[in-house]
Amino acid sequence: MATTTDTKTYKFNHSMIRVKDPKASVKFYEFLGMSVVKHLQFPEAKFDLYFLGYDGPAALSRGNSTFDRQGLIELTHNYGTEDDPNYKVNTGNAEPHRGFGHVCVAVDHIQAACQRLEDAGYRFQKRLADGRMKHIAFALDPDGYWVEIISKRIGSKGADDPEEQNVETDPKTYRMNHTMIRVKDNEKSLKFYQDVLGMTLFRTSEQPSAKFNLYFLGYPGDKGAPENGFTADYEGLLELTWNYGTEKDADFKYHDGNSEPQGFGHICVSVDNLDAACQRFESLNVNWKKRLTDGRMKNVAFVLDPDGYWVEIVQNERFAGKENF
């Protein structure tokens, strides 16, 4: 294994959310076509971790080891929450605890995909035909986390698209496209994710009339960066939402998901050489939540982004030749 680190090999591995009932949550994400690629049990600490991702023939990370993938969702279940009638997660979308926004799944045929979810009894924050934006929908997972549904088809008009009608959907072809978090200062966050974590800015969507910008970042890998700005066929992107003016408000702060009330936990980047990557982060004067040497778990570190969101750093198993857990 290399003694240096190359950010070109990094992967946006997963996004972690806490869930109340793992059976209900796993069932929902499996209904969206994902598979449990790893289940870690920690009975002594009274929690389990479920890593879900796309593993079908069309999946970009199919067959890879867990931490050599992009676009996974990690569900954290603390034992007993499923039996607690008062337990409820913070979805990140209600004041005063906004921060994390949603995960996003890109589908083959968006009308059919949304109808299939509705027929199965799943709820929506925004149906495809609601409002002015007819090309996206937001489903709700069992905990109320928002799951954006977008089309992988270039130029799809969503609810107004005749080509989307009377066709079937195949969940095996879906992709876990992106995770969205809100950021206070766009310049600071873009600098961190590009210069420190080595991501590439794939696309910017400026909405001056609504006073916000969206930035889509990712690791190009073998697929390369999009030449036409179309990102819906990628997996494992990070969307930063910046609302104009928040950077000028000294008292403004987003909720990181890890202080009460909890919900979203972290995003995770897997690296070619964990020790070398952490030494590089140290040289860049990052803020640490947990260094490699802290605590009992010596194979994970956590750095903090400019808003205090946790970014887990783990070893990509392909470079180490052994499983992390």
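**Exercise 1. The lining of the largest pocket**

Task: Determine how many nonpolar, polar and charged residues line the largest pocket of this predicted model, and which residues lie nearest its centre.

Solution.
Step 1. By class, the lining of the largest pocket divides into 13 nonpolar, 16 polar and eight charged residues.
Step 2. The lining comprises 37 residues in total, and M133, I136, E148, L214 and E239 are those that lie nearest the centre of the pocket.
Step 3. The space in this pocket amounts to about 1,000 Å³.
Step 4. At least two lining residues come from each of β6, β8 (146–151), β9 (175–183), β10, β11 and β12.

**Exercise 2. The second largest pocket**

Task: State the volume of the second largest pocket, and identify which elements give two or more residues to its lining.

Solution.
Step 1. The volume of the second largest pocket is about 670 Å³.
Step 2. Its lining has 25 residues, and nearest the centre lie F47, L49, M297, V300 and F302.
Step 3. Two or more lining residues are given by each of β1 (11–18), β2, β3, β4, β14 (287–290), β15 (300–304) and β16 (310–315).
Step 4. Sorted by class, the lining of this second pocket contains 13 nonpolar, five polar and seven charged residues.

**Exercise 3. Strand order in the open sheet**

Task: Establish in which order the eight strands of the open sheet are arranged, and which of them are edge strands.

Solution.
Step 1. The order of the eight strands is β6-β7-β8-β5-β9-β12-β11-β10, and their pairing is mixed.
Step 2. β6 (124–126) and β10 each pair on one side only, and these are the edge strands.
Step 3. On average, and with direction ignored, neighbouring strands of this sheet are turned by 25 degrees against each other.
Step 4. Within the order, β12 and β11 stand side by side; these two strands run antiparallel and are joined by six bridges.
Step 5. One residue pair illustrates the register: Y215 has L240 in β12 as its bridge partner.

**Exercise 4. The enclosed cavity**

Task: Find how many cavities of 30 Å³ or more the structure holds, and which residues line the largest cavity.

Solution.
Step 1. A search of the whole structure returns one cavity of 30 Å³ or more.
Step 2. The volume of the largest cavity is about 50 Å³.
Step 3. Its lining is made up of N90, G92, H97, R98, G99, F100, H255, D256, G257 and F264.
Step 4. By class, two of these lining residues are nonpolar, six are polar and two are charged.

**Exercise 5. Cis peptide bonds**

Task: Locate the loops in which P96 and P261 are placed, and state what omega is for the peptide bond that joins each to its partner.

Solution.
Step 1. E95 and P96 are joined by a cis peptide bond with omega of about 5 degrees.
Step 2. P96 is placed in the loop between β4 (72–78) and β5 (100–107).
Step 3. E260 and P261 are likewise joined by a cis peptide bond, with omega of about -5 degrees.
Step 4. P261 is placed in the loop between β12 (237–243) and β13 (264–271).

**Exercise 6. Positive phi outside glycine**

Task: For K46 and K211, give the value that phi is near, and decide whether each residue is buried or exposed.

Solution.
Step 1. For K46, a residue other than glycine, phi is positive, near 60 degrees.
Step 2. K46 belongs to the loop between β2 (35–42) and β3 (47–53).
Step 3. The relative accessible area of K46 is 55%; because exposed means over 50%, K46 is classed as exposed.
Step 4. For K211, also a residue other than glycine, phi is positive, near 65 degrees.
Step 5. K211 occurs in the loop between β10 (200–207) and β11 (212–218).
Step 6. With a relative accessible area of 55%, K211 is exposed.

**Exercise 7. Cysteines without a disulfide**

Task: Establish how many disulfides the structure contains, and how far away the nearest cysteine sulfur is from C114 and from C278.

Solution.
Step 1. The search of the whole structure gives zero disulfides.
Step 2. For C114, the nearest cysteine sulfur is that of C104, 11 Å away, and C114 is in no disulfide.
Step 3. For C278, the nearest cysteine sulfur is that of C268, 11 Å away, and C278 is in no disulfide. A disulfide requires two cysteine sulfur atoms within 2.5 Å.
Step 4. C114 is buried, with a relative accessible area of 6%.
Step 5. C278 is buried, with a relative accessible area of 8%.

Key:
Residues are numbered from 1 along each chain as its sequence is written. This is a predicted model: local features need pLDDT of at least 70, side-chain atom pairs count only at pLDDT 80 or more; totals for chains, interfaces and linings use all residues. Side-chain values use heavy atoms; hydrogens and water are left out. On a 1 Å grid over the protein atoms alone, a cavity is a set of points where a 1.4 Å probe fits but cannot get out, and a pocket is an open set with protein on both sides within 12 Å along at least five of seven lines; lining residues have an atom within 4 Å of a point. Grid points are joined across faces, edges and corners, and a volume is the space filled by probe spheres set on the points. Ala, Val, Leu, Ile, Met, Phe, Trp, Tyr, Cys and Pro count as nonpolar, Asp, Glu, Lys and Arg as charged, and the others, Gly among them, as polar. Helices (H or I, at least four residues) and strands (E, at least two) are DSSP runs, numbered from the N terminus. Buried means under 20% relative accessible area, exposed over 50%, partly exposed in between (1.4 Å probe, protein chains only). Two strands pair if DSSP finds at least two bridges between them. Axes are lines fitted to C-alpha atoms, for helices over the stretch in contact, and angles run from 0 to 180 degrees between N-to-C directions.
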